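Trainee: I have a new structure open and would like to walk through it with you. Could we start with a term I will need, and then go through it piece by piece?

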Amino acid sequence: MSGITCSTTASPVTAKRKMPLWVRILIGLAVGIILGFMAPDLSKALAPIGTAFMKAIKMIVIPLIFSAVTLGIYKMGTNMKELGKLSLIAFIWFYAATGIAMVIGLALNEIFHPASGLALEMSGNVPKDLAKSVDWGKFFLDIIPDNIVSAMAGQKIIPTLFFSVCFGMALARTGESGGKIAEILDGIMHAMFKLTQGILATAPVAVAAIIAWVLASQGTKLLIAMGKLVLVLYIGLFVLAAIFCTILFFMGFNPLATLRKIAEPLLLAFTTNSSEVTLPVHMKILEENGMPNKVVSLVIPLGYSFNL
């Protein structure tokens, strides 16, 4: 007696692709604009949401810089030649990028005169002959922290960076015991990246709250008055991005694909007006896309200290 075997094959179900974070941020941006115009009173009350998001991002910057930079220097070992070469290339690029941005800004100002007609006043007390009054000896001494805990608590990037480099170099010379500390730092760094991922999940809501509050509190009159200035600013940013994309193209990279990969930090910088928010996001994305930790952990915090 022959048996009949019935095999049921489940129909393939196409898993829904998760919406990219940068798309959700754009949706949050649109929602914020609508709320800012339609419900100004509610929008003004949303300010704490955006503030909480930015504070949450800032709280992981110093632990991430310390763990990542120290670990990166440790992985280089005692190879001071590699460290010096990487630092030299980074500084050359920082000064070149800063110079290009300055030239573009000066040229656009000469062409459009964007601030004409605006009553802009200098805030704060800026001393005359500022460049001549800088105490360069004190400037370089301030790089060395008197108290590293105090420097970290004060969110001082350069002293923290200096200590992390020195600590990483010392750690590379301690042998087996240094390896144990490096494992702890590796765990801290990955925990910071996980924490970044969790905080970023709230980015669309935070962006909506920030944009809604800005529109509701500042009003459209000021935005219209500043429209020309802002427009010229973004023309400059577009020109700068075009130059960088051209450089990427000649280096053998696809500029559009690269822009898609870094869309999240770009949108966060645009909506929050803060580069500090994007630091852990940039580091996370670069490492996920195959950039060596020792490069990311040194170059990105250095670039951040240069306000790039």
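Mentor: Let us begin with the word "buried", which here means a relative accessible area under 20%, while exposed means over 50% and partly exposed lies in between. Please also keep in mind that this is a predicted model.

Trainee: Okay, so is Thr271 buried or exposed?

Mentor: Thr271 has a relative accessible area of 6%, and because that is under the 20% cut-off, this residue counts as buried. Thr271 sits in helix α14, which covers residues 263-272.

Trainee: And what does Thr271 touch, not counting residues up to four places away in sequence?

Mentor: With those residues set aside, Thr271 is in contact with Leu29, Val207, Ile210 and Ile211. As for Gly28, its C-alpha atom is 10.0 Å from that of Thr271, although 243 residues separate the two in sequence.

Trainee: Let me zoom out then. How many helices and strands are there in the protein?

Mentor: The protein has 16 helices and zero strands. Of its 308 residues, 31% are buried, and if you take the contacts with a separation of 6 or more, 79% of them join residues 24 or more positions apart.

Trainee: And how much area does the protein expose?

Mentor: The exposed area is about 19,300 Å², and carbon and sulfur atoms supply 68% of that.

Trainee: Now the inside. Which residues touch the most other members of the largest nonpolar core?

Mentor: That core holds 51 residues, and the ones touching the most other members are Ile25, Phe53, Ile65, Leu268, Leu279, Met283 and Leu298. Helix α4, residues 61-76, provides the largest share of this core, with 10 residues. As general background, nonpolar side chains tend to be buried together in soluble globular proteins.

Trainee: Pick one for me. What is Phe53 in contact with, leaving aside its neighbours within four places in sequence?

Mentor: Phe53 is in contact with Ile199, Leu200, Thr202, Ala203 and Ala206, and also with Leu268, Thr272 and Val277. Leu268, you may recall, is itself listed with Phe53 among the core residues that touch the most other members.

Trainee: Switching to the outside, which residues form the nonpolar patch on the surface?

Mentor: The patch is formed by Val230, Leu233, Tyr234, Leu237 and Phe270, which together have about 430 Å² of accessible area. Helix α12, residues 227-250, gives the most to this patch, with four residues. Leu233 is placed in that helix, and because its relative accessibility is 47%, it counts as partly exposed.

Trainee: So which residues of α12 are buried, and what do they pack against?

Mentor: The buried residues of α12 are Val232, Gly236, Leu240 and Cys245, and these pack against α5 (80-112) and α13 (255-261). One place to look is Ala101 in helix α5, whose C-alpha atom is 6.7 Å from that of Leu240, with their positions 139 residues apart along the chain. Ala101 is partly exposed, since its relative accessible area is 34%.

Trainee: How far apart are the end C-alpha atoms of α12?

Mentor: They are 35 Å apart, which agrees with the 34 Å that its 24 residues should span at 1.5 Å a residue. After α12 comes Gly252, which has a positive phi near 95°.

Trainee: Which residue has a positive phi although it is not a glycine?

Mentor: Gln155 is one such residue, with a phi of about 55°, and it lies in the loop between α8 (148-153) and α9 (157-171). For context, most residues other than glycine have a negative phi. Gln155 is partly exposed, at a relative accessible area of 30%.

Trainee: Last topic, charges. How many salt bridges are counted?

Mentor: The count comes to two salt bridges. Lys138 pairs with Asp142, with their closest N and O atoms 3.1 Å apart; Lys138 is partly exposed at 47%, and Asp142 is partly exposed at 43%.

Trainee: And where do Glu288 and Lys284 sit?

Mentor: Both are in helix α15, residues 279-288, and because they are four residues apart there, about one helical turn separates them. Their side chains meet in a salt bridge at 2.8 Å, N to O. Glu288 counts as exposed at 55% relative accessibility, whereas Lys284 counts as buried at 15%.

Key. Residues numbered from 1 in each chain as written. Predicted model: local features only at pLDDT ≥ 70, side-chain atom pairs only at ≥ 80, totals over all residues. Heavy atoms only, no water. Core = buried A, V, L, I, M, F, W, Y, C linked by side-chain atoms within 4.5 Å. Buried < 20%, exposed > 50% of the residue type's maximum accessible area, 1.4 Å probe, protein only. Helix = DSSP H or I, 4+ residues; strand = E, 2+ residues; numbered from the N terminus. Contact = heavy atoms within 4.5 Å. Patch = residues over 30% accessible without salt bridge, like charges linked within 9 Å, V, L, I, M, F, W, Y side chains within 5 Å. Areas by Shrake-Rupley, 256 points an atom, 1.4 Å probe, with all protein chains shown as cover. Salt bridge = Lys/Arg side-chain N within 4 Å of Asp/Glu carboxyl O. Expected span 1.5 Å × (residues − 1).
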